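Colleague: I am new to this one, so could you take me through the words used for it and say what each rests on?

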Amino acid sequence: MGRTLQNTMINLGLQNACDEAVYQLGLDMEELEEIEEDAGLGNGGLGRLAACFLDSMATLGLAAYGYGIRYEYGIFNQKIRDGWQVEEADDWLRHGNPWEKARPEYMLPVHFYGRVEHSASGAKWIDTQVVLALPYDTPVPGYMNNTVNTMRLWSARAPNDFNLRDFNVGDYIQAVLDRNLAENISRVLYPNDNFFEGKELRLKQEYFVVAATLQDIIRRFKASKFGSTDSVRTVFDSFPDQVAIQLNDTHPAMAIPELMRIFVDIEKLPWDKAWDITKRTFAYTNHTVLPEALERWPVDLVEKLLPRHLQIIYEINQRHLDHIAALFPNDVDRLRRMSLIEEGDTKRINMAHLCIVGSHAVNGVAKIHSEIVKTQVFEDFAELEPEKFQNKTNGITPRRWLLLCNPGLAELIAEKIGEDYVRDLSQLTKLHEFVDDDLFIREVAKVKQENKVKFALYLEKEYKVKINPSSMFDVHVKRIHEYKRQLMNCLHIITMYNRIRRDPTKLFVPRTVIIGGKAAPGYHMAKMIIKLINAVAQVVNNDPMVGSKLKVIFLENYRVSLAEKVIPATDLSEQISTAGTEASGTGNMKFMLNGALTIGTMDGANVEMAEEAGEENLFIFGMRVEDVTELDRRGYNAQLYYDRLPELKQAVDQIKSGFFSPKDPNLFNDVVNMLFHHDRFKVFADYEAYVKCQEKVSELYLNSKAWTKMVIRNIAAAGKFSSDRTIKEYARDIWHVEPSDLKIPPPNEPRDAGQDKTPNGTAA
């Protein structure tokens with residue numbers, strides 16, 4: 001979520017008033033804003049996407065709730081010591097959190113372990129351990145519409161009789177100390193992005209958020225006029241018409257068997273009725289195609305922690321496979337491929353399969369990704385129910401990612417096309433009229449230059465490096481992962497360095513290369529990549545032959561509040577994942593909206609950015625998905641490229657020989673060995689095209705006017721990438737709710753009796 005103060009002021013239309021009031025108190029608002037901690041309660045784009053979605057849902061007047069875990073410790077703080085990443089705990093609640101309100105009156109029990117008893121009246125889950133879920137509510141204000149939604153985050157609490165109802169009353173002190181075991185559930189965020197780690201505590205977290213949330217939703221449904229109770233029992237027929245639940249990846253997949261457990265075991269609905277309601281309630285968004293990221297929970301672990309849920313999953317699977325066997329008799333391989341249970345040395349539950357089977361809609365997050373989901377990853381399922389599979393291209397909120405972080409540009413745009421574009425970003429197309437307006441071109445360039453000077457000052461203060469603000473700011477910020485190919489960028493830096501040293505008199509377009517992002521603490525290769533970048537920076541930044549022509553900076557502790565500083569100052573946005581690996585990307589959209597040009601592959605949303613702006617207005621290079629597939633078929637041989645490309649060979653040899661690590665020449669052996677022998681993401685295969693494309697970038701940068709015109713064309717084409725558009729599509733195609741642009745009257749104005757009626761609609 002990042003910081004909340006400035007976003008709240010903007011959405012409430014109070015920023016100028018607050019700035020002025022604080023100024024009159026002799027304080028500086030910007031200084032005040034810098035004191036607030038980021039709420040870093042997620043990993044990469046998936047967590048930030050949810051935050052943008054909450055902003056858009058409130059702005060569109062949807063009755064929507066965001067549910068999650070109130071981690072005591074969020075994503076770690078990253079320190080760079082001697083070029084290595086070092087993790088520190090993110091104690092973000094140390095000084096309290098003024099935006100949250102604890103709601104102990106809505107506390108709910110969550111059960112773990114125990115056993116299942118079957119009787120004539122049905123299944124009973126008994127002898128469980130109970131953990132309490134305490135909700136904390138954070139307001140989510142819409143933009144200037146007097147709507148405030150809720151983000152409800154659950155914190156784990158031990159019940160007061162924890163460990164004391166058992167026979168060990170003797171050790172009262174130990175029993176109280178053991179309360180920590182229950183409360184550890186919401187202690188810390190697992191810091192993996194695009195990687196599955198099958199730990200028991202993680203599964204506990206996933207079930208914890210799911211069980212608390214579903215009880216909350218059902219309580220709200222029963223209290224509403226829709227949950228009409230005929231004498232004793234609630235009638236749940238209208239449930240899917242009143243409730244829509246969107247699964248943000250498979251992490252909350254246990255919601256499917258949990259809702260079935262509630263309907264069948266507790267509410268005593270017949271299975272088929274319960275299953276129909278469940279399927280119509282859930283929809284699933286897939287966020288990655290990397291096999292190592294897909295959740296596959298060991299059956300043994302689920303059986304121990306959630307025995308009833310395992311039985312329900314088996315029953316779902318049995319009926320699912322019976323259905324397929326009827327459609328495709330004797331096709332045992334299809335049954336194996338489509339089963340929710342994977343046989344092998346350890347039996348596992350494929351959570352993505354569970355989500356597909358238990359949902360009425362499945363979507364990818366960019367056109368190319370949704371195609372890959374349909375035709376490759378889940379092709380058997382798409383063949384069975386093609387109408388279930390959809391695309392919903394990601395978006396970003398223009399409130400935080402333009403108004404808040406780039407007020408200069410936002411104001412400049414408003415002067416030309418009015419202020420309405422903030423709620424309807426498609427209006428940016430009106431900027432096409434000004435692409436040849438010399439004054440506008442100069443003003444756009446001026447805003448960018450001011451942002452660069454401001455960021456250069458920040459870098460000088462934080463990193464003690466002198467930055468040339470007229471150099472091209474070439475920025476690569478995102479989680480560190482092999483598929484995102486920070487290594488390819490690194491090879492380009494080394495190539496530029498070698499070219500400067502080879503001919504110091506030759507014209508060289510000055511660059512400041514900024515790379516930032518966190519590596520998962522257990523991801524050895526990602527940590528080596530950070531060390532390599534810092535080692536290269538050490539050499540480049542201290543070579544007198546290079547001077548101010550080339551500077552390399554690794555941005556420490558990349559997070560939302562730092563993104564808000566670097567993105568408006570960027571000239572060139574690096575989006576260089578191997579085609580077919582980045583589901584969408586959202587940083588790419590933020591840079592586009594903030595007047596940077598993109599160098600990128602035809603991957604994720606880059607494809608649609610090129611479609612919107614015209615491919616000639618992005619720097620597109622490298623293999624397409626088809627080329628990658630073909631190269632895999634032939635067999636990728638890294639050695640071939642190394643032998644054929646002298647500049648690549650030189651750069652790799654320098655890394656290998658210890659040119660960048662003289663004290664430990666073998667330091668980067670693992671990296672070099674990976675690049676030659678098991679590089680799944682084919683860095684060498686795209687190196688030549690990347691370097692050539694970078695030459696075109698430098699050439700255009702020399703012509704400031706032509707560069708800025710291309711920038712304006714990009715901003716004018718960025719309208720599609722508002723999360724408002726994304727959410728309207730979810731609302732229309734999946735949730736079946738109508739967004740309302742009605743501005744609720746503010747609390748200080750009396751409402752007409754007629755305005756008091758809320759239109760019936762689904763709560764998403």
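**Cavities and overall form**

Modeller: The second largest cavity is lined by Lys-478, Lys-484, Gln-575, Ile-576, Ser-577, Glu-582, Ser-584, Gly-585, Asn-588, Asp-603, Gly-604 and Asn-606. This is a predicted model, in which local features need pLDDT of at least 70 and side-chain atom pairs count only at pLDDT 80 or more, while totals for chains, interfaces and linings use all residues. Residues are numbered from 1 along each chain as its sequence is written, and side-chain values use heavy atoms, with hydrogens and water left out.

Colleague: What makes a space a cavity, and what makes a residue part of its lining?

Modeller: On a 1 Å grid over the protein atoms alone, a cavity is a set of points where a 1.4 Å probe fits but cannot get out, and lining residues have an atom within 4 Å of a point. By this rule there are 4 cavities of 30 Å³ or more, where a volume is the space filled by probe spheres set on the points, joined across faces, edges and corners. The second largest holds about 70 Å³, and the largest has about 170 Å³. Of the 15 residues lining the largest, the closest to its centre are Met-1, Asn-7, Asp-55, Val-140 and Arg-400.

Colleague: Why is the chain called as compact as a globular protein of its length?

Modeller: The radius of gyration, taken over C-alpha atoms, is compared with a globule rule of 2.2 Å times the number of residues to the power 0.38. The chain has 27 Å, close to the 27 Å that the rule gives for 764 residues, so the chain is as compact as a globular protein of that length.

Colleague: How much of the chain counts as buried?

Modeller: Buried means under 20% relative accessible area with a 1.4 Å probe, protein chains only, and 58% of the 764 residues count as buried.

Note on methods
1 Å grid on protein atoms, 1.4 Å probe; cavity = no way out; pocket = protein on both sides within 12 Å on 5 of 7 lines; lining within 4 Å. Buried < 20%, exposed > 50% of the residue type's maximum accessible area, 1.4 Å probe, protein only.
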